[in-house]
Amino acid sequence: MQRSGCHPGQVRLLLVEDEPRLATALRRGLVADGFSVDAVGTGPAGLAAASTGGYDAVLLDIMLPGLSG
């Protein structure tokens with residue numbers, strides 16, 4: 001899982017996207033806008049990360065390896 005630094009009061013997002021170039025671009029833009037972003041690339045990894053809690057929102061791709069969004 002790729003993690004960005006998290007500061008108090010910062011919105012935490014989970015990005016679930018299997019295309020690395022798209023995930024990198026989305027993550028870069030969101031971090032630049034002040035969000036804390038964790039990124040994973042499969043459905044099972046996304047489910048596991050989301051289940052741990054602590055995210056304010058999940059950005060979820062629909063067609064993912066292992067488990068569809």
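Which residue in strand 3 is the bridge partner of L14? The answer comes from a predicted model, in which local features need pLDDT of at least 70, side-chain atom pairs count only at pLDDT 80 or more, and totals for chains, interfaces and linings use all residues. Residues are numbered from 1 along each chain as its sequence is written, and side-chain values use heavy atoms, with hydrogens and water left out.

It helps to begin with the whole chain. The chain holds 2 helices and 4 strands, where helices (H or I, at least four residues) and strands (E, at least two) are DSSP runs numbered from the N terminus. Along the sequence these elements appear in the order β-β-α-β-α-β. Of the 69 residues, 30% are buried; here buried means under 20% relative accessible area, exposed means over 50%, and partly exposed lies in between (1.4 Å probe, protein chains only). Contacts are also counted, a contact being heavy atoms within 4.5 Å. Among those between residues at least 6 apart in sequence, 67% join residues at least 24 apart.

Strand 2 is a good place to look next. This strand spans residues 12-16, and 5 of its 5 residues are buried. Both of its faces are covered, with R12, L14 and V16 on one side and L13 and L15 on the other. Strand 2 runs parallel to strand 3, and 5 bridges join the two; strands are said to pair if DSSP finds at least two bridges between them. The partner of L14 in strand 3 is D38. Between these two strands the chain passes through helix 1, forming a right-handed β-α-β crossover: with the strands pointing away from the viewer, the path from the first strand over the helix to the second runs clockwise. Strand 2 also pairs with strand 4 (residues 57-60), again in the parallel sense, over 4 bridges. In strand 4, V58 stands opposite L14.

Two loop residues complete the picture. Q10 sits in the loop between strand 1 (2-3) and strand 2, while G34 belongs to the loop between helix 1 (20-32) and strand 3 (36-40). Q10 is classed as buried because its relative accessible area is 19%, whereas G34 is partly exposed because its value is 38%. The side chain of Q10 reaches the backbone oxygen of G34 at 2.9 Å. G34 can also be placed relative to strand 2: its C-alpha atom is separated by 9.7 Å from that of R12, a residue 22 positions away along the chain.

How values were computed:
Polar contact = N/O pair within 3.5 Å; in protein donor to acceptor, adjacent residues only side chain to side chain.
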